[in-house]
Amino acid sequence: MSNPAPQPTAAAPEPTQVADATEAVVVREVERIFPGAKGATVTALTGIELTVHGGEFVSLIGPSGCGKSTLLRLIADLDEPTAGDIRVFGKTARQARVEQAYGIAFQQAGLLPWRSVAANIELPLQLHGMGAADRRARVAELLDLVGLADFAKHYPDQLSGGMQQRVAIARSLAERPRLLLMDEPFGALDEMTRERMQTELLRIRAETGAAVVFVTHSIPEAVYLSDRVVVMSPRPGRITAEIDVRLGEAGERGEDLREDAAFFEGVTAVREALHGPAAAAAAPRGVDVR
Amino acid sequence: MTGLPDTAIATQLTPPATSEPRRRRTGDRPLRRFARLVLPPVALFIVLVLLAELVVVSLGIPPFVLASPSAIWTQLVQYAPQVLEATLVTGFNALVGLVIGAVVGVLLAIVASLIRAIDGMLAPVVAAVAVVPIVALAPVLYTMFGSTSEVARIIIASLAAFVPVFLNTLRGLRQVRPVHRDLMRSYAATRSQETRFVTIPSALPHFFTGLRIASSLAVISALVAEYFGGPRQGLGSAITTAAASSAYARAWAFVVGAILLGLLFFALTSLIERIASRHR
Ligand SMILES: Nc1ncnc2c1ncn2[C@@H]1O[C@H](COP(=O)(O)OP(=O)(O)O)[C@@H](O)[C@H]1O
Ligand SMILES: [Mg+2]
């Protein structure tokens, strides 16, 4: 299949109406208001409507403070909405968390520094009572998946930032979740490492078939990785546009895609949605204006 | 944080060990590193001893001003059994005090970290203990427990050791990174799992830092407490006895014993601290 041009704003192939449980995430009229200083409040999110289909890769993009992390934390049940409803595979967010329906990776890798790489990856398996032999086998698989087989006995402080992030991703995949939540996992990496990690993430995602909700503030990153880019704006945080950018099946996307015309069209579409057409026209094509 | 005055905390806390990421090479020839670490100060020490010997002998300085290293050495050899015995007595008091102070410090830190109200009650008390020169209690305690008992000295060492262990452990227990809390919540971990897998490992290096500071304080307090009375055994008693009978070189020999005791406590607790905070 060749790469079809992205279709900005237009709803691409109409998703067949299916039962709630096959949708990975359904967010309905969600609002999150934080109490601020001296009785003032911060409306981090308002009127959020979002559906992530099973196996779909959706990026959340927007300037910092627009509520991307807050939305992800609500889906993960690390925080609760002040209004609205969130379903993950048809269950409440809390139930989904308790049943381990998702894997999560943060901007800071969040590894436990006193545990080796292997021990970090097996943490969720150990917490949920998997036997030692099964754990060892699963950790070996995951180490291969993220290309760190030689580093099992190393400690996080002996790894580069990119390697730490790979460990965190392996850990998030440990229990084969059908949904991955990622909050700027490559935000702290240099550009070259970042591009390599993106390609690796696409490969892993093709292998696991998981749905992904991916927070980023990089336009090229969102376009390169996603089936759909959700654009958000701050004060109050809300969704302003959704752009379909299917550049091809995850497994078929290679590095050369970054130089493809369809890729640049996707970048332009997202940029226009973020800044308005005038700003997008003024900026040179294909340059990241994060 | 606790409501302690900054000065009280500053003397009992060391800067966080996590200030910068350190990368360690495995297999960096430990012997050579040890040599590079230990040889320079040892060489300096030898030079200073020789210099002191030269100065004392050539200028004819009287022993009550400064005993010559050779005279101290002679006394140290001659009184080796007595120095060893005195060191054991003081060392035992310091060790028991350190253990009691550490245990109480850890227990109270756990309580304070769990219950805000208790933290509010404990903080001012600990602040008071932190700024009081604890050995000043010695004469009072000797009259309370009788002048033939070592209990007063052990209590003083315990009090001195308690403060840094309590403060550092409490700080460590509050040092769990938010991302680790989120992670454990995302795993739906139980409270006891969170304590075992995250809270205790996060606090351990801080506890051992407190223990290292406490070890020196325990030795100093146990020894200085002997200056104020109590049974005539232990390094402090021996030093005052020797000095009172004008045996200055012998007094210095016991001082050497005190220095070695302090170094032993410090070296052991530093080693434990290093091992505990290897991968931070
Ligand atoms: N725990 C909190 N308490 C108060 N305000 C918060 C909290 N978390 C986020 N906010 C506010 O909500 C808004 C959105 O934050 P966030 O979701 O972190 O944005 P983003 O991830 O898009 O940069 C910001 O204005 C932030 O200050
Ligand atoms: Mg964020």
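User: Across the interface of chain B and chain A, how many residue pairs in polar contact does the rule find?

Analyst: The model is predicted, and each residue of a pair has to reach pLDDT 80 or more to enter this count. Under that condition, the number of residue pairs in polar contact across the interface of chain B and chain A is eight.

User: Which element of chain B gives the largest share of the side that touches chain A?

Analyst: The elements that give two or more residues to the side of chain B touching chain A are helix 8 and helix 9 (191-225) of chain B. By class, that side has nine nonpolar, six polar and eight charged residues. The largest share, seven residues, comes from helix 8 of chain B.

User: What is the N to O distance in the salt bridge between the side chains of A:Asp77 and B:Arg185?

Analyst: Between chain B and chain A the count is two salt bridges. A nitrogen of the Arg side chain has to lie within 4 Å of a carboxyl oxygen for the pair to qualify. The side chains of A:Asp77 and B:Arg185 meet in a salt bridge, with an N to O distance of 3.5 Å.

User: Which three residues supply 30% of the area that chain B buries against chain A?

Analyst: In terms of contacts, 23 residues of chain B meet 28 residues of chain A. The two chains bury about 2,400 Å² between them, and 57% of this area is on carbon and sulfur atoms. More of the area that chain B buries against chain A comes from the following three residues than from any other three, their part being 30%: B:Arg185, B:Tyr187 and B:His279.

User: What ipTM does the predictor give the complex?

Analyst: The predictor gives two scores for the complex, one of which is a pTM of 0.76. The other score, the ipTM, is 0.81.

User: Where in chain B is confidence lowest, and where is it highest?

Analyst: Chain B averages a pLDDT of 84, and 90% of its residues score at least 70. The pLDDT nevertheless stays under 50 over residues 1-5 of chain B, for which the model has 16 contacts beyond four places in sequence, and also over residues 15-27 of chain B, with 13 such contacts. Where pLDDT is low, the predicted coordinates should not be read in detail. Confidence in chain B is lowest in helix 1 (residues 6-12), at a mean of 53, and highest, at 93, in helix 8 (residues 178-186).

User: Why does B:Phe265 count as buried rather than exposed?

Analyst: B:Phe265 has its place in helix 11 (residues 248-276) of chain B. Not counting residues up to four places away in sequence, B:Phe265 touches B:Gly91, B:Ala94, B:Leu95, B:Leu98, B:Ser215 and B:Val219. Since buried means under 20% relative accessible area, B:Phe265 is buried because its relative accessible area is 11%.

User: How far apart in space, C-alpha to C-alpha, are B:Phe265 and B:Ile213?

Analyst: In sequence, B:Phe265 and B:Ile213 are 52 residues apart. Their separation in space, C-alpha to C-alpha, is 10.0 Å.

User: Is A:Glu122 buried or exposed?

Analyst: A:Glu122 lies in the loop between helix 3 (117-121) and helix 4 (123-127) of chain A, where, leaving aside residues up to four places away in sequence, A:Glu122 touches A:Arg135 and A:Val139. Its relative accessibility is 17%, and the cut-off for this class is under 20%. A:Glu122 therefore counts as buried.

User: What percentage of the residues of chain A count as buried?

Analyst: Chain A has 10 helices and 10 strands. Among the contacts in chain A with a separation of 6 or more, 70% are accounted for by residues 24 or more positions apart. Of the 290 residues of chain A, the part that counts as buried is 53%.

How values were computed. Residues numbered from 1 in each chain as written. Chains lettered and ligands numbered in written order. Heavy atoms only, no water. pLDDT = per-residue confidence, 0-100. Helix = DSSP H or I, 4+ residues; strand = E, 2+ residues; numbered from the N terminus. Contact = heavy atoms within 4.5 Å. Buried area = accessible area lost by both parts, 1.4 Å probe. Polar contact = N/O pair within 3.5 Å; in protein donor to acceptor, adjacent residues only side chain to side chain. Nonpolar A, V, L, I, M, F, W, Y, C, P; charged D, E, K, R; others polar. Buried < 20%, exposed > 50% of the residue type's maximum accessible area, 1.4 Å probe, protein only.
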